[in-house]
Each structure stands twice: as structure tokens, then as C-alpha cells.
Amino acid sequence: MQKITRDQLIEKAASLLANGTVSCVLGWQKGEFDYDITPAVFDTEDELKANFVWNDFCGANFSKYLVSKTKKCEGKILVFLKACDTYSFNQLLTEHRFDREKVYAVGIPCEGMADIAKVKAIAGDGISSIDCSGEKMAVTTIYEDAPVMIDAKDVLAERCVNCKSKKHVAYDELMGEDGDVIDSARFDEVAKIEAMTPDERFAFWQNELSRCIRCNACRDICPACTCEKCVFDNPNSSVENKSPANSFEEKMFHIIRAFHVAGRCTDCGECSRVCPQHIPLHLLNRKFIKDIDSFYGDYQAGAEVGSRAPLVNYTTDDLEPGEVFERGDN
Amino acid sequence: MQRIGVFVCWCGSNIAGTVDVQAVSDALKNEPGVVFSTNYQYMCSQAGQNMIKDAVAEHKLTGIVVCSCSPRMHEATFRKTAAAAGINPYMVEIANIREQCSWVHKDMVTGTEKAIILGKAAVAKVNLNTPLTPGESPVTKRALVIGGGIAGIQTALDIADAGFPVDIVEKKPTIGGKMAQLDKTFPTLDCAACILTPKMVDVAQNDKIRIFSYSEVTDVKGFVGNFDVTIKKHARYVKEDICTGCGACTEKCPMKKVPNEFNLGMDNRSAIYIPFAQAVPKVATIDPNYCNMLKNGKCGVCSKVCAAGAIDYKQQDEFIEEKYGAIVVATGFNPISMDKFDEFAYNQSKDVITSLEFERLTNAAGPTAGKLLRPSDLKHPHTIVFVQCVGSRCDACAEKGKEYCSKICCMYTAKHAMLTRDKYPDTDVYVFYIDVRTPGKNFDEFYRRAVEEYGVHYIKGMVGKVTPEGDKLKVQASDLLANKQLHIDADLVVLAAAIEPDKSARPLATMLTASMDTNDFFTEAHPKLRPVESPTAGVFLSGACQGPKDIPETVSQAGAAASKVIGLLAKDKLTGNPCVASSNELMCNGCSTCERVCPYGAITYENKEFRMPDRTTAIRRIAVVNPAVCQGCGCCTVACPSGAMDLRGFANSQIIAEVDAICK
């Protein structure tokens with residue numbers, strides 16, 4: 001259960017709409033299923049009351065939507081940002097991807113979002129409704145009359161188990177209390193992969209990436225992937241429109257993408273959340289983050305606007321490339 | 001579609017010896033776009049160039065591939081040939097089948113196979129080449145010399161003599177460098193100060209030369225002809241333009257226990273000091289690490305005794321920004337630290353000294369007023385052992401010392417030995433050497449005089465250990481020619497420490513984007529043919545920053561660097577390089593990544609109105625490259641996340657085409 005309620009958010013949005021601070025609201029609305037929440041733009045209080053949703057499945061990071069929505073919306077746009085979303089928000093500002101003046105950001109507390117795969121593992125398939133309003137999550141399936149009661153902690157998404165920060169690094173207004181940056185265990189999984197032999201590691205990624213169907217969901221959701229024209233759509237880039245025709249191609253897409261977002265990825269985890277094949281894509285990005293931290297000192301993309309990512313910065317203290325190579329040779 | 005001509009050069013037997021040139025020209029004949037292919041003994045010769053011109057006319061060529069030596073050798077030659085034949089010079093590509101092929105292969109079959117592959121890659125690239133036109137940029141007619149030793153001084157004097165303004169930046173409070181610390185100079189034995197200080201005075205009096213002493217370069221932007229340099233002038237707490245250099249403050253300063261770096265810490269100076277009598281500028285400097293007034297606000301004596309009122313305890317570091325057309329690096333050298341050479345007991349005994357310390361001990365302005373006295377008890381030493389190659393010519397694996405020969409030690413040790421025997425005939429002088437290396441005018445004669453006329457004992461062999469015992473230094477050494485162990489009770493041991501580039505050179509090289517070798521010596525553009533130019537245009541090298549050098553060599557290199565600078569500054573305009581970055585504004589995100597990685601500050605941003613695919617208009621931020629400032633390094637093209645940034649002449653598509661051709 002989230003500490004802040006749907007009604008509080010609607011009330012806040014409605015008052016900002018009423019006093020003219022914002023002209024539209026970027027929020028969540030129900031999709032086909034209760035757990036299938038989609039982002040939407042709301043223009044009126046009535047629309048909010050009818051369709052706005054806030055529960056344990058509102059994982060979507062709205063930062064990226066601001067790139068296109070700020071260009072379309074007249075006046076300011078209200079966006080609700082969870083702590084982790086604020087990092088992407090700042091990173092996009094660093095890259096000048098939207099006009100800060102056109103956004104009214106409201107920071108909201110988050111108790112962690114649920115992973116539907118974990119819910120299904122407990123409750124089974126055929127979920128007809130999920131009620132997150134009580135202490136426990138009530139999951140009703142088409143097979144049973146009585147709902148399965150699940151403790152939200154047991155179904156937290158991996159990125160929320162390893163939440164890196166409850167601190168909002170950007171907002172115009174904060175609802176509820178701000179938290180702290182958390183010393184998470186998010187690199188443990190990366191360390192495990194690093195400990196593998198090169199052959200084991202290759203087999204691990206071969207196994208994971210061979211499931212890729214090139215649906216591009218990871219790219220389309222990624223707040224670091226906001227290029228006007230993606231290299232994978234650019235006929236002159238020589239990597240355009242490749243389908244996972246062979247084992248090299250299926251890996252190439254993800255490796256190129258990981259390199260493209262390296263140093264800019266805030267580790268929001270959206271790529272893994274949306275992957276229909278459940279590929280742990282965030283691990284590729286985390287490996288980059290871990291390496292950047294150990295080579296150049298701790299750096300969190302999006303922690304502040306305008307920070308210079310180590311990969312596009314140069315200081316005389318930088319590690320010599322030879323040393324990077326030696327450390328990587330394990 | 002291009003009409004490409006392929007010209008395979010034999011380079012005499014340099015290429016043809018290991019590459020079947022006929023097979024190469026035959027194989028490349030069938031590549032896409034190739035309409036003509038031939039080979040010839042010397043493509044760069046007049047006859048070879050005429051062959052290219054004729055082929056352009058006859059076959060209506062639009063592109064040229066020359067399979068020959070490195071583009072650094074003859075790319076310019078063939079571009080001119082192309083221009084003379086009426087096609088754009090940037091439609092020429094060189095396949096390097098000499099340095100990267102024939103010279104590294106012994107086997108004709110593999111050499112030929114690789115030459116064909118390299119040729120195919122070049123053809124694949126030319127197919128995507130487009131004609132390019134270079135722009136022009138103006139030249140700032142002012143030079144910067146970094147380092148005020150004899151190298152910097154000579155370079156600055158020569159440039160100023162040609163009428164161009166020069167600034168010298170020296171990190172010490174005075175110019176003069178290492179030469180000012182020397183006593184006599186080989187092989188003529190004239191006194192270093194007598195020949196150096198007139199030049200220092202010339203510098204001070206030359207109205208074309210400005211000296212920024214106690215200063216360092218902190219930032220360099222721009223490019224050949226247009227460098228923007230930031231110079232940090234450290235606060236010396238004395239107003240330079242008011243101080244008369246009378247020295248009253250240095251006499252009255254109560255803090256007199258400051259190790260004197262000019263005498264290598266062998267005596268003390270005051271906290272406010274003038275490094276030596278002939279310092280230029282002759283201005284006092286307060287050492288903030290020792291001055292009581294600066295440290296805890298108590299004292300102020302110098303301010304009271306200064307008749308001119310030059311003391312300013314509140315002085316701040318000053319940053320000066322200046323534009324230069326050319327930069328000369330003259331950062332010089334230092335003896336290496338003796339910390340890793342425990343066997344010579346340098347840190348255990350005051351009587352084990354380095355050769356530079358020996359210079360100060362024999363110098364009239366030194367700590368002993370020129371009398372050769374040993375530092376520990378100020379007694380006259382009767383047995384002196386000189387050890388050569390301390391840290392020079394070391395084993396690469398030894399992790400101490402340097403692999404290279406420091407070049408100057410043989411001669412200055414002969415000088416020290418000779419002068420000692422000349423002044424103090426009652427002294428026994430031993431010199432331990434690996435080899436005695438004395439190439440140079442009058443050098444060997446000089447060394448032989450030390451041995452034959454002055455009776456210096458030259459012993460081939462190394463000193464294994466020096467052990468202080470009582471007031472003696474027990475020296476264990478081997479005499480390789482007599483094949484026996486020697487034990488000498490010495491009073492003084494002098495170590496000919498290897499020399500290394502000054503520590504300031506590495507960060508400076510980074511600022512200048514000038515390359516260095518593994519020993520941190522600056523690399524020259526060509527070791528034989530361009531020895532005073534760095535590979536970075538507009539950056540020149542003078543003196544020991546480029547490699548170990550004695551004074552005559554340093555002065556000649558300084559003059560050579562000056563002549564190169566003068567040649568550059570004499571031009572009104574420089575023709576630019578058309579191979580610069582450009583951004584495809586339709587794809588640019590305006591994310592600023594390219595601006596951050598650009599070492600030259602060539603990228604700016606503007607907001608531009610775009611018609612979007614959905615027929616709306618939007619203002620978008622896009623990158624704009626200033627082609628006069630861009631040096632075509634390509635950093636931005638790899639950093640650009642969307643691939644909007646591309647390099648003319650080296651487009652991503654061209655490079656991928658080359659890679660594809662090689663991997664096919």
C-alpha cells in the first residue's frame with residue numbers, strides 16, 4: 001500500500017488545474033488489467049476522477065514523456081515524480097531535452113512498486129482484479145472466489161528491493177516527506193556475473209538475450225533513449241532495423257544500446273520492467289555504472305542538473321586506459 | 001558512382017620486395033568503382049605523378065587510390081597532383097602498404113594478401129568521398145614560450161629578434177633554469193653564469209619579450225594560429241613593478257631557516273628571497289610556507305624595511321588570458337630522485353651528493369663560496385668517487401631509474417673530475433663508468449685530457465655499495481678490466497643522477513594535446529625531419545623537454561624552434577583542414593554531449609525552428625560546429641548518442657565501409 005492516496009493526488013492536481021498553474025496533468029490510468037497501468041494526459045478534474053489511478057503498479061517513469069508532451073501542451077504540465085523518476089528528470093534536463101519552465105513537478109513518496117510476475121507466481125494466472133488499497137494486496141483470479149492476500153513486500157520489483165534513493169533530487173513541490181539516498185545492494189547481481197568465467201558469462205547472456213524478440217520496448221521506454229532519430233532507425237547508421245536474425249544480432253542490439261546509455265543511465269530499471277521476455281537488461285547498465293564508479297569515483301547520473309558524466313569528461317586524474325584494460329581482464 | 005583510378009607504388013624494393021605489386025593492381029581492378037589500375041616504381045616521382053594526371057584525363061577519374069607509403073609521407077604530394085589534374089584533392093585516399101604492410105611482413109604471399117585488403121578498404125572509402133574545400137583562419141602574431149631556462153630564453157630572443165612579441169612563462173621566481181645553477185660548462189670550461197646572465201639581461205631589456213615569472217599555464221584552448229591561453233601568476237606578495245631588488249628585506253627577514261632550493265637545500269635562505277644575485281626579474285618573492293606574516297599575521301618586518309613600499313601581503317593569484325599564434329614548450333629536465341638507490345647511501349650520508357649538488361659546491365655563489373668542502377664537516381675531501389649512470393641505462397624491469405642514456409653525465413663528470421684535480425691536485429679522483437660516451441665537437445679530447453693530463457682514475461665497472469663508516473664512505477666496486485673487487489675509502493661520493501622531464505610536462509602535454517613518449521619526453525612530429533615540431537600543429541619543442549640534451553644542442557634546437565615559429569607567425573592566414581565535424585541538424589538532440597568532449601571549444605548551440613513530421617513547428621536546440629576552430633579529432637562523433645555528428649572526410653559510413661571491406 002502506498003502512503004499517499006489517489007484522492008490526495010487528484011485533489012492536488014485539481015487545485016493546480018483550477019488555479020491555472022498547470023494546463024494538463026501527466027498521470028497514470030488503468031489499462032486492460034488492474035496491473036496494466038498506462039501513462040495518460042488529463043485535462044480536467046472530471047477526467048482525473050474518472051480514470052486517474054495510483055497504486056502499486058504505477059511504476060511508469062514519466063520523465064521521458066515530458067520530451068514530447070512539453071512541446072505539445074499549451075502552458076505548464078503537471079508531472080508526478082517518484083524519487084527514482086527525479087533522477088531521469090534531471091538527466092533529461094542536463095541533456096536539454098525539455099524546457100524546465102514548462103513543467104510543474106510534484107514529488108511524491110513511493111513505497112516500492114510491485115512486479116506482476118512475482119504476483120502471478122503467488123496468485124497464479126487469470127488475475128481478474130487487484131485491490132491495493134488495504135494493508136495487503138487482494139488478488140482475485142477467475143479460478144477462485146476468495147482473493148489471494150499478498151504482502152506487498154513479497155512482490156516488490158527487483159529495482160524497488162534494491163531501491164537506490166528515496167530522496168527526490170528535483171521537484172517544484174513535495175507531497176509527504178522526503179527520504180534519503182539508500183546504500184543498496186544493487187551491484188551484488190553484477191558482481192556475481194563478473195565472477196563468472198568469460199565462457200560462463202557468455203553463456204549467461206546468450207541465454208538471456210536469445211529470448212529477445214526486438215520489440216524495442218526497452219528502447220521506447222528508456223528515459224535515456226530520447227534521440228530525435230534513433231540509430232536503430234537511421235539507415236545511414238549501418239545498424240538500422242536489424243532483426244535478431246542470428247545470435248550476434250540479438251546481442252548486438254542490447255550491447256549497442258547499453259553503450260549508448262552508458263554514463264547517462266540513471267538505473268531507473270524501466271527497461272527490465274517493460275521487457276515482455278523478462279530479460280534482466282538493467283544488469284548491463286548496472287555493470288557500466290559499477291565500472292564508472294570504480295574507475296572514476298562514484299557518479300550517479302541525474303543526481304544534479306548539468307553534472308559532467310565521467311565518460312564525457314576529462315580530468316588529469318583519470319585512469320590510464322591501460323589500467324582500465326587490466327582491471328577488466330578478469 | 002565514382003570513377004576510381006588505383007595507383008600501386010613499388011617504392012623501389014621497399015614495397016615490391018615483399019608485396020606482389022602486379023597482383024595488387026590486378027586484384028583492385030575488379031573492385032566497385034575502379035576503372036583503371038596500374039603500378040609503377042616510384043609513384044611520388046615526377047613521372048609517377050604525371051602517370052596519375054594522364055590517367056585522370058584519359059579515364060575521366062573522379063577518385064584516386066594510391067597504394068604507397070604512410071599518408072604522413074606523401075598524402076600532401078598526391079593531393080597536389082590531384083588538384084593539378086583538376087579533381088578535388090580530398091578525393092584522394094592512401095592505402096599504406098609500406099609501413100603497415102611490406103615493412104612488417106617477410107612473406108610475399110601474406111604481404112600481398114594484406115596489401116590487397118588495404119587497397120580494397122581505400123577503394124571502399126573513396127566510393128563515399130565527397131569533394132571538400134578548406135577554410136582559412138587568421139594568425140595571432142604573438143608567441144608563448146613555456147619555460148625560462150636556456151632553451152626558452154634562446155627561443156624567445158630569436159623570435160623577438162624577428163620582430164614578433166613573445167611571452168615567457170616560468171614557474172620559478174626567476175628565469176635562468178638549470179644552467180643558472182651550473183658552475184663551468186664543458187668542453188670549453190667557460191663559466192655558466194658568465195654566458196647565461198647576459199642573455200637573461202637581453203630578455204629583460206627586450207621590449208618584445210614579456211616575462212611571466214612565478215607563473216604557470218593553466219589552460220590552453222584553440223588551435224594553431226589562435227591559441228587562447230590562461231596564465232596563472234602566483235602571488236609573490238611583492239609588487240613586481242615597484243620592487244627594486246635592493247635586497248634589504250631578505251637581509252632583515254627574521255625567518256632565515258628556509259632550505260635554499262637554488263643551492264639544492266645545502267644552505268638556507270630567508271622567507272622573502274631573491275633566488276640569486278643575477279635573477280631576472282630581480283624582484284623579491286615571499287615564500288608563503290615560511291613567512292610568519294602570511295602564516296599567522298605576526299612580523300611584517302619586510303614591509304617596514306622596504307623603502308619602495310613594494311610588499312603586499314594581500315596580493316592574490318592573478319589569471320591572465322592571452323592569445324597566441326604559436327606555443328613553444330621548453331619545460332626542461334630535473335635529476336631523478338635518489339630515493340630508490342639505497343645502495344649509494346644518498347639518504348644516509350650528507351657526503352653522498354648528486355652531480356648538480358657538486359656544481360653548487362664548486363660554484364662561487366654556492367653554499368661554500370666555491371671551496372670544495374664536503375657537506376657533513378666542511379673538510380676538504382681527499383678521495384672523491386664519481387659514479388656514472390645512476391639511474392640511466394637501467395634495466396626496464398628494475399622499476400627504478402630510466403632505460404635511456406641521460407647523455408650529459410659522461411661529459412659533466414669528466415669536467416668535475418678535471419676541475420677537482422686542477423684546483424686540488426692532492427685529491428684522488430675515481431670515476432666508475434659503464435661506457436664513456438663522448439660524441440660531440442671537442443668532447444673526446446676533453447675526456448682524454450681528464451684521463452691523460454689530469455690523472456683521473458677512470459675505472460670500468462659499477463659501484464655496488466656505499467657504506468658510511470666513521471667519517472669515511474666505504475665504496476665497494478668492481479673493476480671489470482682488471483677483473484677484481486675494489487674497496488675505496490672515499491670522503492665524497494658524487495652520483496651522476498639520470499635526468500627526467502620536469503613534472504609539469506605531463507599535465508602541460510594534456511592541455512596542449514601534444515603527445516609524449518613513455519618517459520614523458522615530448523614526441524617530435526618526425527624524429528629526423530621535423531625534430532622541433534610536436535605533432536600538434538602550432539606547438540614546438542625546445543631543449544630537454546624533448547630528450548636529454550647538453551647546452552650546445554639545446555641552444556641549436558631553441559634556434560630551430562624559433563625559426564619554425566617565425567615561419568608560422570609570418571603568415572597572415574592559415575589554410576584550415578576541411579576534415580571537420582558537422583552536425584546533421586535533423587538528427588541532433590541538442591544534448592550538449594559533443595560540446596563537453598570537444599577539446600577545442602568548437603561547438604555551440606542555437607535554437608532553431610523546425611517543421612515537424614506532424615506538420616507542426618517546434619523550436620529545437622541544435623549543435624553548430626565552428627569549422628575554423630574544429631581540428632577534426634572526431635571525439636564528438638563517437639560521443640554523439642544519435643549519430644548526428646559526423647566528420648567530413650572520415651564519416652562513420654566511410655569508416656564502416658572500410659571495416660566492411662577489410663572483414664569481407
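This is a short walk through a two-chain predicted model, from the overall build of chain B down to single residues and back out to chain A.

Some housekeeping before we start. Residues count from 1 along each chain as its sequence is written, and chains are lettered from A, with ligands numbered from 1, in the order in which they are written. Because this is a predicted model, local features need pLDDT of at least 70 and side-chain atom pairs count only at pLDDT 80 or more, while totals for chains, interfaces and linings use all residues.

OK, chain B. Its C-alpha trace spans about 85 × 65 × 40 Å along the principal axes. In there you'll find 18 helices and 34 strands; those are DSSP runs numbered from the N terminus, H or I of at least four residues for helices and E of at least two for strands. Of its 664 residues, 47% count as buried, and buried is 20 or more other C-beta atoms within 10 Å of a residue's own, with exposed at 12 or fewer, partly exposed in between, and C-beta atoms placed from the backbone.

The domains of chain B are 1 (4–126), 2 (143–234 + 317–332 + 502–569), 3 (248–305), 4 (334–500) and 5 (581–648), with bounds from an automatic or database domain assignment. Between the C-alpha centres of domain 1 and domain 5 of chain B there are 35 Å.

Let's look at a sheet in chain B. In which order do the 4 strands of the open sheet come? They go E2-E1-E3-E4, with parallel pairing; a pair needs at least two DSSP bridges between the strands. Strands E2 (34–40) and E4 (92–96) of chain B are at the edges with a single partner strand each, so one side of each has no neighbour in the sheet. On average, neighbouring strands here are turned by 15 degrees against each other, direction ignored. E1 (residues 4–9) and E3 (residues 63–68) of chain B are joined by 5 bridges, and B:Gly5 sits opposite B:Ile64 in E3(B).

Two helices lie across that sheet. H1 (residues 21–28) of chain B crosses E1, E2 and E3, running at about 175 degrees to E2(B). H3 (residues 71–84) of chain B crosses E3 and E4, at about 150 degrees to E4(B). Those angles run from 0 to 180 degrees between N-to-C directions, using lines fitted to C-alpha atoms, for helices over the stretch in contact.

Further along chain B, E32 (residues 603–611) and E33 (residues 617–625) pair antiparallel over 9 bridges. B:Phe610 has B:Ala618 in E33(B) as its bridge partner. The hairpin has 5 residues between the strands, and B:Arg615 takes a positive phi near 70 degrees.

Now the inside. The largest nonpolar core has 132 residues, and B:Ala143 and B:Phe344 are among those touching the most other members. A core here means buried Ala, Val, Leu, Ile, Met, Phe, Trp, Tyr and Cys residues joined through C-beta atoms within 7 Å. Leaving out residues up to four places away in sequence, B:Ala143 touches, among others, B:Ile159, B:Tyr324 and B:Leu569.

Finally, chain A. It divides into domain 1 (6–113 + 157–174) and domain 2 (188–328), with centres 26 Å apart over C-alpha atoms. How many residues of chain A are in contact with chain B? There are 18, against 19 residues of chain B, where contact means backbone-placed C-beta atoms within 7 Å.
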